[in-house]
Amino acid sequence: MPSRSPVSPLRRPVPIALLLAALPAAAGCAAEPAPRPAQRPAVSAEMARIDESRRRIDDAGRALSDRRYADARALLDSASGLGVDSHRYEIGELREKVDRREARQWASEAAELLGQQGCEAGFARLSARMDELKSEAFTQEARKLVETEAVACATREVDAATTAGKFAEARAFLAAAPTRNVLGEASSERLTAELDATIAEALYAQVEPDVTAGRWADAVAKLDAAVERGDAAEDQGRALLGRVRAAAAPRLAELAGKAIGARDAADTLKQLDETIALLRWEAPAPGAAELPGSNALPEALHRKRAALAAWVEAMRVRMKPMKRPEKRWTHGVVALAPASSADGEAKQRLAPSTPVWVLGEAQQRALVAAVDPGTAALATALEAAIGWAPRLRLAAQPTVDWLPPNDQLEGERVWGPLRANQPTLELGVVSAVRVDEIVVRRLADDAEVTLKRRQLRSGRLPPGTRVLALCKSENDPATIVDAVPPTGRVARIQCEGGEQKDEPLASLRSRLDLLPAGR
């Protein structure tokens, strides 16, 4: 066997006593641990606030179970005031539960009152609590639970009042804040609409005999009285007046039509206008469409009334009706006096060369229409009358290429022999009119030349106007291609060879035989 090597003095075994002394002391004999650091004041306050909020929420829940709703709300308000963010949702949920639970109690009591036909008392008591709490949850729950009884009670109340003819009382009941508060918007609006329909039919039944007999003043007076005493709202009054108007309009139109040609037409017109004013109709705006509910005079009645007024005026000025309307064209701008007043201020102006049809003549005036009435009877033809025109401003042919009348000639572009010893015509602008002499300023150099009216032609330059221009040579034939506005300075022309170019108006020339006949 191999021999053991002797133990080195540096690796001698450690005595057991020393090892035991190095081990930790037994648990029972351990030294006291170091004390924990004291909690910071801010953390302690936050924990206390959260604990207090929790306590109040729990107390509010117990108060709800005991039906102590006021205590529950007070506890929730105080918990909310502590401002613990993690509790906000729970507080809101519990508050809504409190409101809905209390709403059941109030709805039950209100339903009992409403069932006993104490509508106003029931509505007032429940509405007051709604206003006091201002809680959407309470209001919604209460309305839902009491809806059947509330609608039934309100219906009984309204029916009793309307049967007794107390329309204002019924309207006031439904419009009262407690009634609307308890019924809610939808039920209130439905019951109000039903009441309005009932009242409208009842009130129209009261005026229907007057409408049938044509006693328009009596019908209007009764409707006004109903609105004044509160039986109907103003919009209802207007709607009822609309029904009276609808019945009156065709009968008044018929009355006006029959009066045309009669000796007493003026008296009928006066009566008609009084009735129109009584029914609060207004003259329709020119060109405006007739709208439902509008105060504008209906179109059919307006036409008949205007025709009657034209006939009354025609009798006053001793108009001679034409056997058949004759077509004419306006010379220059023509101002029209109203068909109902030959001497009245002009309300309309017709552009030059506007076609019109003469219905009748009186002295120097003619009653004209804008459309051809054909062979229609006078009563129908007069509906087309647009006014009285000066007879001297009506021509038997189109006047588009005529010079305007002297009083409208200044500023107009014209052709004229503006250079001595030259046969061609040149363009200029009329600068003055002196009785039978016309002063024209040449476009080329602004020189003024005085001529007679018969020497001039209209300077209107529509497409197709034949002129003389510089093409292959000076004063070659050419044609205006595009219309030249009155203030234009250049014309687009086409030479006989087909070439097109822009030519200054000042360089254009023409001849009498190339231009349309003028006057």
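Biologist: At what angle do the axes of α6 and α8 cross?
Modeller: Roughly 35°, and the axes of α6 and helix α8 (residues 177–213) come within 10 Å. Axes here are lines fitted to C-alpha atoms, for helices over the stretch in contact, with angles running from 0 to 180 degrees between N-to-C directions. Helices (H or I, at least four residues) and strands (E, at least two) are DSSP runs, numbered from the N terminus.

Biologist: Left-handed or right-handed, when α6 passes α8?
Modeller: The crossing of α6 past α8 is right-handed. That word applies if the near helix is turned clockwise from the far one by less than a right angle, and left-handed if anticlockwise.

Biologist: Which residues make the contact between α6 and α8?
Modeller: α6 supplies R143, V146, E147, A150, V151, A154, T155, V158 and T162, while α8 supplies R180, N181, V182, L183, G184, S187, R190, L191 and L195. Contact means heavy atoms within 4.5 Å.

Biologist: And how many of those in the contact of α6 with α8 are nonpolar, polar and charged?
Modeller: The split is 9 nonpolar, 5 polar and 4 charged. Ala, Val, Leu, Ile, Met, Phe, Trp, Tyr, Cys and Pro count as nonpolar, Asp, Glu, Lys and Arg as charged, and the others, Gly among them, as polar.

Biologist: What sort of model is this, before we go on?
Modeller: A predicted one: local features need pLDDT of at least 70, side-chain atom pairs count only at pLDDT 80 or more, and totals for chains, interfaces and linings use all residues. Residues are numbered from 1 along each chain as its sequence is written, and side-chain values use heavy atoms, with hydrogens and water left out.

Biologist: OK. At what angle do α5 and α6 cross?
Modeller: Helix α5 (residues 119–133) and helix α6 (residues 136–163) have axes that come within 10 Å and cross at roughly 160°. α5 is therefore roughly antiparallel to α6. The cut-offs are under 35 degrees for roughly parallel, over 145 for roughly antiparallel, 65 to 115 for roughly perpendicular, and oblique for the rest.

Biologist: Which hand does α5 have as it passes α6?
Modeller: Left-handed in that crossing. From α5 the contact takes C119, E120, F123, L126, R129, M130 and L133; from α6 it takes F138, T139, A142, R143, V146, A150, C153, A154 and E157. Those residues divide into 11 nonpolar, 1 polar and 4 charged.

Biologist: Switching to charges. How many salt bridges in the whole structure?
Modeller: The search finds 48. A salt bridge is a side-chain nitrogen of Lys or Arg within 4 Å of a carboxyl oxygen of Asp or Glu.

Biologist: What does R393 pair with?
Modeller: R393 forms a salt bridge with D407, and the closest N and O atoms are 3.0 Å apart. The two are 14 residues apart and link distant parts of the chain: R393 is in the loop between β6 (385–390) and β7 (394–395), and D407 is in the loop between β7 and β8 (413–416).

Biologist: Is D407 buried or exposed, and what about its partner R393?
Modeller: D407 is exposed at a relative accessible area of 57%, and R393 is partly exposed at 21%. Buried means under 20% relative accessible area, exposed over 50%, and partly exposed in between (1.4 Å probe, protein chains only).

Biologist: And R419, what is its partner?
Modeller: R419 bridges to E426, with the closest N and O atoms 2.8 Å apart. R419 is partly exposed at 26%, whereas E426 is buried at 2%.

Biologist: Which residue meets D502?
Modeller: R492, in a salt bridge of 3.3 Å, N to O. This pair also links distant parts of the chain, with D502 in strand β16 (residues 500–504) and R492 in strand β15 (residues 490–495), 10 residues apart. Elsewhere, E52, R55, R56, D59 and R62 are joined into one network by salt bridges that share partners.

Biologist: Now loops. Where does T399 lie?
Modeller: In the loop between β7 and β8. T399 counts as buried, at 3% relative accessibility. Apart from neighbours within four places in sequence, T399 contacts W329, T330, H331, P352 and S353.

Biologist: Same for N295: where is its place?
Modeller: N295 is in the loop between α11 (265–278) and α12 (299–316). N295 is partly exposed, at 33%. Leaving aside neighbours within four places in sequence, its contacts are R245, R280, W281 and E282. The C-alpha atoms of N295 and R280 are 6.9 Å apart, with their positions 15 residues apart along the chain counted as separation.

Biologist: Last one: how many helices and strands in the chain?
Modeller: 13 helices and 17 strands. Of the 519 residues in the chain, 38% are buried.
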